[in-house]
Each structure stands twice: as C-alpha cells, then as structure tokens.
Amino acid sequence: QVQLVESGGGLVQPGGSLRLSCTTSGSIRDLNRMAWYRQAPGKERELVARITYDGNTAYSNSVKGRFTISRDNAKYTVDLQMNSLKPEDTAVYYCNSEVLPDGGTMYQFYWGQGTQVTVSS
C-alpha cells in the first residue's frame with residue numbers, strides 16, 4: 001500500500017507565498033519521478049512542475065520563475081515553493097509519485113488527496 005499526503009495549502013493574498021509538501025509512504029522499493037498538478041474549478045487537471053530522482057526539473061509556462069519544486073530522496077518528500085502568487089493560481093493541488101512498490105515489477109503512479117490553494121484579497 002502506497003499513500004501520498006499533502007500539506008501546506010491555504011488562503012493567501014496576491015503576491016504572497018505558500019509552500020506545499022507531500023510525503024510518499026508505504027511499501028516502496030523505489031521512487032522515481034515526483035510532480036505537482038493542479039485543478040481549478042471547471043478546468044482539467046494540469047501539470048505544474050515535476051522533478052526526477054536526479055533533480056532535473058520542468059515547469060509549466062504559467063508558473064516558471066515563480067514556483068520551485070524540490071525533493072528529499074531519503075524522506076520521500078517533494079515540496080513546491082510558490083511565490084508571487086496570483087488569483088489564477090487558485091486550485092486544488094495534487095501530488096503525484098511514480099513508485100515501484102515492494103514486490104512489484106512495474107512503476108505505478110499514485111495521487112495524493114489534494115490540498116486547496118486560494119489566492120484572493
């Protein structure tokens with residue numbers, strides 16, 4: 001059983017900052033790519049940022065230069081530092097991990113339950 005738990009969402013004013021954290025736990029043999037997605041009301045879920053085991057990162061154009069993704073391989077955690085937040089960043093943010101479970105032979109993608117980020121004055 002693999003679980004992802006996110007934390008750090010909340011309400012922030014435009015221009016403010018928030019830091020999201022996600023911990024992957026359970027029967028894990030290996031943890032590869034980790035990522036953050038978001039879904040705003042009435043919109044499809046979109047990739048925000050991703051990071052490989054080796055620390056290579058990629059960002060959506062809408063957050064590039066404002067958000068930073070990082071990970072701790074020893075703790076199975078991935079963080080998303082969000083600066084200069086805008087109202088259009090308002091969404092539910094989801095953590096996603098590519099995991100090789102104990103006893104498994106294939107990597108699988110797992111999702112967290114989501115954490116709400118609201119940017120409003």
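## Strand pairing and buried charges in a predicted model

Strand 2 (residues 10-12) and strand 11 run parallel, joined by three bridges. This is a predicted model, in which local features need pLDDT of at least 70 and side-chain atom pairs count only at pLDDT 80 or more, while totals for chains, interfaces and linings use all residues. Residues are numbered from 1 along each chain as its sequence is written, and side-chain values use heavy atoms, with hydrogens and water left out.

Some terms come first. Strands (E, at least two residues) are DSSP runs, numbered from the N terminus. Two strands pair if DSSP finds at least two bridges between them. Buried means under 20% relative accessible area, exposed means over 50%, and partly exposed lies in between (1.4 Å probe, protein chains only).

**Strand 11**

Valine 12 has valine 119 of strand 11 as its bridge partner. Strand 11 also pairs with strand 9 (residues 91-101), here antiparallel and over three bridges. In that pairing, alanine 91 is matched with valine 117 of strand 11.

How do the side chains along strand 11 (residues 115-119) alternate? Thr115, Val117 and Val119 point to one face and are buried. Gln116 and Thr118 point to the other face and are not buried. In a regular strand the side chains alternate between the two faces of the sheet.

**Strand 9**

Of the 11 residues of strand 9, 10 are buried, so the strand is largely enclosed by the rest of the structure. Strand 4 (residues 28-39) runs antiparallel to strand 9, and nine bridges join them. Tyrosine 37 stands opposite tyrosine 94 in strand 9. Strand 10 (residues 108-111) is another antiparallel partner of strand 9, with four bridges. There, asparagine 96 has tryptophan 111 of strand 10 as its bridge partner. The hairpin of strand 9 and strand 10 has six residues between the strands. In this hairpin, glycine 103 takes a positive phi near 80 degrees.

**Arginine 33**

Arginine 33 belongs to strand 4. Arginine 33 is buried yet has no salt bridge. A salt bridge needs a side-chain nitrogen of Lys or Arg within 4 Å of a carboxyl oxygen of Asp or Glu. For charge, Lys and Arg count as positive and Asp and Glu as negative; His and the chain ends are not counted. The nearest side chain of opposite charge to arginine 33 is glutamate 98, 5.6 Å away.

Which side chains make polar contacts with arginine 33? One is tyrosine 37, at 3.0 Å. Asparagine 96 is another, at 3.2 Å. A polar contact is a pair of N or O atoms within 3.5 Å; within protein, one must be able to donate a hydrogen and the other to accept it, and residues adjacent in sequence count only if both atoms are side-chain atoms. Leaving aside neighbours within four places in sequence, arginine 33 is in contact (heavy atoms within 4.5 Å) with residues including Leu47, Arg50, Arg71, Glu98 and Phe109.

**Arginine 66 and aspartate 89**

Arginine 66 lies in the loop between strand 6 (57-59) and strand 7 (67-72). Aspartate 89 sits in the loop between strand 8 (77-82) and strand 9. Leaving aside neighbours within four places in sequence, aspartate 89 is in contact with Arg38, Arg66, Phe67, Ser84, Val117 and Val119. With the same neighbours left out, the contacts of arginine 66 include Gln81, Met82, Leu85 and Asp89.

Both side chains also reach backbone atoms. The backbone oxygen of serine 62 lies 2.8 Å from a polar atom of the arginine 66 side chain. The side chain of aspartate 89 reaches the backbone nitrogen of lysine 86 at 2.8 Å. Aspartate 89 and serine 62 are 27 residues apart along the chain, and their C-alpha atoms are separated by 8.9 Å.

**Loop residues and their accessibility**

Tyrosine 76 lies in the loop between strand 7 and strand 8. Its phi is near 60 degrees, a positive value in a residue other than glycine. Serine 84 is in the loop between strand 8 and strand 9. Phi of serine 84 is near 50 degrees, again positive in a residue other than glycine. The table lists these two with the loop residues described above.

| Residue | Relative accessible area | Class |
|---|---|---|
| Arginine 66 | 10% | buried |
| Aspartate 89 | 0% | buried |
| Tyrosine 76 | 27% | partly exposed |
| Serine 84 | 41% | partly exposed |
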